Amino acid sequence: MQMIENYIDGELVVPASGEYFDNFEPATGDVYSLIPDSDDRDVNLAADAAKAAFPAWSSTPPEERFAILMRLVALIERDLEPLAQAESKDNGKPVSLARMVDIPRAAANFRFYATAAMHLANESHETFGANSVHAINYTLRQPLGVAGCISPWNLPLYLFTWKIAPAIAAGCTVVAKPSEVTPMTAFMLSKLCIEAGLPAGVLNIVHGTGPKVGSAIVGHKDIKAISFTGGTKTGEEIARTAAPMFKKLSLELGGKNPNIIFADCNYEEMLATTVRSSFSNQGEICLCGSRIFVERPIYEMFKTDFVERVSALKIGDPTDAATDVGAIVSKQHFEKILSYIDLAKEEGGTILCGGKAVTAETQRPGDESEPGAIATGFRVDSERCKKGHFIEPTVVEGLPHDCRTNQEEIFGPVVTIMPFDTEDEVLGYANSVRYGLAATVWTENLSRAHRISAKLESGIVWVNCWMLRDLRTPFGGVKDSGIGREGGFEALRFFTEEKNVCVKL
Ligand code: NDP
């Protein structure tokens, strides 16, 4: 059984408790490795190491930080295949997705911030006051010290490195915790950091649970900033601890994203993209559109075509290159998603396709989800996966915009479709939720695209596309989707403190 280890002060170490807990492979339901059950003692060691490493790392020239981080990029790219296999096994996502998206993006995160750190400039202001006073103000941006980075399970290495890369590049040292549900690639990254020659203590990775390790990071007096991605409820808890300690906070939280489709859109492109934006990564991407609003003239056509395309998705063993939809990350999350499908039915929704757990034993081609539903024949053709946590891609119609199914985050392969008649009406529906992370608008009418984009309560709007990312752009949500922005220079600035120096000439 593979044992995961913490990475503290440049070394791989066992947790202070000596205890471990099980790590499951979601596609099989089997335990395949053990995770350190770390606690505040491990976090204290990690914070001490990070504090001790800070003076040297923060004064290391950006060019040298660049060289070390680029060595790490080369190692991630060298190990792309084993990292992708590990990500798929740990999370349940199709290995093809990990190969194409997750691991390349982890390398890109380090590459982007290694480079960006060399371009971070300080501002200066020349001041002319009364009585011929003349001064120069310059504003230093200094790395703020030890940063805490806490990430979720849906895009494990991708989101872990999205926080760590700007923190380290800015000259901070880090205590980080990946999700206990998907710790494997963070463990592999710690070995690559050693190989790349990252100085001891610059990055420390402590594995374990949120209540023990996460909250110890958030409450540690020497950790000056917390960069967190995860659920809104956890974000609230973190803010309650961190605010009275006056820590800097960046919180990337939940979403319930609208997908607004007008009749004048490029239909074929919209259809193909909407299948992806609904079910990529089993719908477990914070940016997936889960509420699909379709202008009435094309509603029936969309419904038929969408359900047909969704029914053709191949659900199956994540290791199979042909798989479109893999396993749900954990038994607990699998049950939560199924409970929301039950809720959708209780609230009066009609399941147009999917709607059930699927195992090698229970589903056969031709099975019908509901009377009148399209026979999808979703099944997992793998003996290996017969105890895995799989859920059919599910499309629901007939629900009002304000019911719980349409207001609460499900974070799985479940979408609702709803017709609308006017722009104002659909804006009201789209903005009716507590969240405001991302939105997608499909129209060929340029004025309408700009008008709607300006009025959507959302940190990110994609027009005629989805998940088209430029790492220089601000990334984050409004309302209960969080505070702060990641990406670009914004993330580097987060990990610095500004100091203004005024020199009278
Ligand atoms: P959680 O909030 O449950 O967990 C996120 C991380 O926080 C995990 O590492 C978790 O530890 C840790 N954690 C849990 N409790 C605490 C605590 N009290 N103090 C400190 N840390 C804690 O989220 P999930 O992992 O379930 O991720 C899914 C959520 O993440 C969804 O709501 C999704 O929308 C959101 N998300 C948002 C994104 C964005 O950019 N806005 C991107 C991706 C996801 P552990 O799980 O190991 O116990």
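Begin by selecting strand 6 and strand 7, which form a hairpin with five residues between them, and then pick out N131 in the turn, where phi is positive at about 55°. The coordinates belong to a predicted model, so every value on this tour is computed from that prediction. Strand 6 covers residues 123–128 and strand 7 residues 134–143, and the two run antiparallel, joined by six bridges. To see one of these pairings, display F128 together with H134 in strand 7, its bridge partner.

Keep strand 7 selected and add strand 23, residues 496–504, which pairs with strand 7 in the antiparallel sense over nine bridges. Here I136 is a good residue to label, since V503 in strand 23 is its bridge partner.

Next, colour the chain by domain. The assignment gives domain 1 as 2–253 + 481–504 and domain 2 as 257–470. If you place a marker at the centre of each domain, taken over C-alpha atoms, the markers for domain 1 and domain 2 are separated by 31 Å. The contact between the domains takes 27 residues from domain 1 and 31 residues from domain 2. About 2,200 Å² is buried between domain 1 and domain 2, with 54% of that area on carbon and sulfur atoms. On the domain 1 side, select A27, W153 and S481, which supply 23% of the area that domain 1 buries against domain 2, more than any other three residues.

Now turn to the nonpolar interior. Which residues of the largest nonpolar core touch the most other members? They are L203 and L287, in a core of 69 residues. Helix 5, residues 156–169, gives the most to this core, contributing 10 residues. The core also draws at least three residues from each of domain 1 and domain 2. Centre the view on L203 and, leaving aside its neighbours within four places in sequence, show the residues in contact with L203, which are Y7, I164, I168, V174, A176, L189, C193 and L198. Apart from this core lies another, of 31 residues, and A27, C265, V294 and V395 are among its members.

Move on to the open sheet of seven strands, whose order is 15-16-17-14-13-19-20 and whose pairing is mixed. At the edges stand strand 15 (350–353) and strand 20 (460–463), and because each has a single partner strand, one side of each is left without a neighbour in the sheet. From one strand to the next the twist averages 25°. Within this sheet, select strand 16, residues 394–397, and strand 17, residues 414–420, which run parallel and are joined by four bridges. Labelling V396 shows the residue standing opposite T416 in strand 17.

With the sheet still displayed, add helix 10, residues 296–311, which lies across strand 13 (257–261), strand 14 (289–295), strand 15, strand 16 and strand 17. Looking along strand 14, you can follow helix 10 running at about 140° to that strand.

Finish at N445, found in the loop between strand 19 (438–442) and helix 14 (446–455). Is N445 buried, partly exposed or exposed? Its relative accessibility is 30%, so N445 counts as partly exposed. As a last selection, add D264, which is 181 residues from N445 along the chain, although the C-alpha atoms of N445 and D264 are separated by 7.4 Å.

Terms used: Residues are numbered from 1 along each chain as its sequence is written. This is a predicted model: local features need pLDDT of at least 70, side-chain atom pairs count only at pLDDT 80 or more; totals for chains, interfaces and linings use all residues. Side-chain values use heavy atoms; hydrogens and water are left out. Two strands pair if DSSP finds at least two bridges between them. Axes are lines fitted to C-alpha atoms, for helices over the stretch in contact, and angles run from 0 to 180 degrees between N-to-C directions. Contact means heavy atoms within 4.5 Å. A nonpolar core is a set of buried Ala, Val, Leu, Ile, Met, Phe, Trp, Tyr and Cys residues joined through side-chain atoms within 4.5 Å. Buried means under 20% relative accessible area, exposed over 50%, partly exposed in between (1.4 Å probe, protein chains only). Domain bounds come from an automatic or database domain assignment. Buried area is the accessible area (1.4 Å probe) that two parts lose on being put together, summed over both.
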